[in-house]
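Biologist: Please take one helix and look at it closely. What does it pack against, and what lies around it?

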Amino acid sequence: MKYVLRNCRIVDGTGSETVRENAAVWVKNGRIRKITGADVAGPDGYEVIDLGGKYVLPGMINMHAHLFGTGRPSKSMGGGGAQKAIIRFASTGAGGVVLRSMIKSNLKTILHSGVTTVRGVGDLFYSDIAVRDMVAAGRIEAPRTLVSGPAVTVPGGHGDGTFAIIGSSPLELRARTEEVCSHHPDLIKTCVTGGVMDAKKEGEPGELKMSLEQTKAVCDTAHAHGLKVASHTESSEGIRVALQGGVDTIEHGAPLDEELISLFRERNAALICTISPALPLSELDASVTMLSPMAQVNSRIVADGVISGAKTAVANGIPVGLGTDASCPFVSQYNTWAELYWFAKYVGVSNAYAIFCGTLQNARILGIDDETGSVEEGKAADLIVVKDNPLDDLRALRNVEMVACGGRLIRDPQVKKIPVIEEQIDRLL
Ligand SMILES: [Zn+2]
C-alpha cells in the first residue's frame, strides 16, 4: 500500500496558523514517509492521488464518547421504566449481540466522519471492550479505539443503573475497579459528581457523590495497573476532590479558581471540554429536548461551567482536550467537528488552536502523540481531506471527502446523518 496525496494544502494540527501550500504527502505501510512539494517525482509504485488543492489534516480525536447510542433524542434516556427495560435486555445474551453490533456500526460511522481515534468512557457490560478487541484483530472497520468498560462509582452516582458499576466502601470500590481492570480496559472511568439527568435539585447538576477516600480507592487501584482515570465531574467542588484523589482527566468541567489551577498543575492533569452535550439541552426549546424545567436550568449551569472552566484552563496553560459525549441526546457519533467549532466560538480560541486541541493535544493527553495527532513525517497516516480551509471556517470539517486511518484509505466516506439532530445542530451554529 503506497500512495501519494498530491497537490494538497496541509493544516498540520500543531496549532500553526500557516497552511503549507502545494504539498504532497507520501504514505507507505501505513505511515507518512515524507512530505514534499507537489512537483517532486516519486519512486515507482506509488499510486498518485491528485487532491486538486484540497486540505489535508490529521484525523480528529474524540476524547469522550459512549459507543452504544446514536444521539437520537428519546424519552427513555432520562431514566424510568423504558430505560430499565432496555438495559435489562442488553444484559442478556441476545442483547449483548445487539449491543456489540450497534457499537461496530457506530465505530464505522465515527471513522467515516473523520475521527481516527476515539476514547470510549463508559459502555454497558464490557461490550466496548469486546468490540475493541475485534478492532485490534483487524476484524472491523474502525478508528483507533480506546475504551474504559463500565464506569466505577457509588450507589446513586452518575451512571448507577446504566453504564456504571457501584461500590460503597473504599474496599468495595477497589474490588469493583479490580474487576474492570481484569477485562483489560485502556483506562478507568469514574463519576465523582452527578450529572444533568440525575440531579435531584435545581442548581445542583454536579452534586458531589464520591468522597476523597472513595475517589482515591478507584484511582490508586487503576494506577497500580498502569491505567489513567477519567472522571465525570461537573462542579468545582467535584474537581477539587477528583484531582486530590488522583484523577488524570476531568471530563466536562466547571469554573476553576486558583486552588484548582494549582491542583491541575501539580497533578499533571488535563481538562476534557465537552460543549456538545450541554449546548443543545440548554439552548433548544424544551418541546424539542423533552427536558423538565429543572433539567433545563441545570443544563445551562453545566454549559456555562464547561465553557468557563475551559477558558480558565486555556489561559493558564492547562492542557484542554476535546470530546463530544456522543450518545447523549442530540450528540451523534459523527459530529465531533462541532465540538471544535463550539470550542472556538465559546471559549474564544483561534480555529488553528481548536484543531490542535481536537487532534495533537488529545493525542498528547492519551500518550500516543508519537504515533498520531498531526501531519508529520514518521507518524501513522491518520488523515482527513476536506474541500475548504478549516482555518477560515471549521464547518469545513462537517463533510470529509477522504479518510485514512493507519494508511487505510477510504476514498468516499459515507455517513448516514440523522435529520432530527442535523436540524437542531444547524440552529446552534
Ligand atoms: Zn459521558
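Modeller: The buried residues of H10 pack against strand S13 (249-252), strand S14 (270-273), helix H8 (278-283), S15 and H11. Contact means heavy atoms within 4.5 Å. Helices (H or I, at least four residues) and strands (E, at least two) are DSSP runs, numbered from the N terminus. This is a predicted model: local features need pLDDT of at least 70, side-chain atom pairs count only at pLDDT 80 or more, and totals for chains, interfaces and linings use all residues. Residues are numbered from 1 along each chain as its sequence is written, and side-chain values use heavy atoms, with hydrogens and water left out.

Helix H10 covers residues 293-315, 23 in number. From first C-alpha to last it reaches 33 Å, close to the 33 Å expected at 1.5 Å a residue; the expected span is 1.5 Å times one less than the number of residues. Its buried residues include Ala295, Asn298, Ser299, Val302 and Val306. Buried means under 20% relative accessible area, exposed over 50%, partly exposed in between (1.4 Å probe, protein chains only). Just after H10, Gly317 takes a positive phi of about 75 degrees.

Two of the packing partners also flank a zinc ligand. Asp325 lies in the loop between strand S15 (320-322) and helix H11 (336-348). The zinc ion is coordinated by His64 (NE2), His66 (NE2) and Asp325 (OD), at 2.1 to 2.2 Å. Donors are N, O and S atoms within 2.8 Å of the metal (3.2 Å for Na, K and Ca); water is not among the atoms, so sites may look incomplete. His66 and Asp325 are buried.
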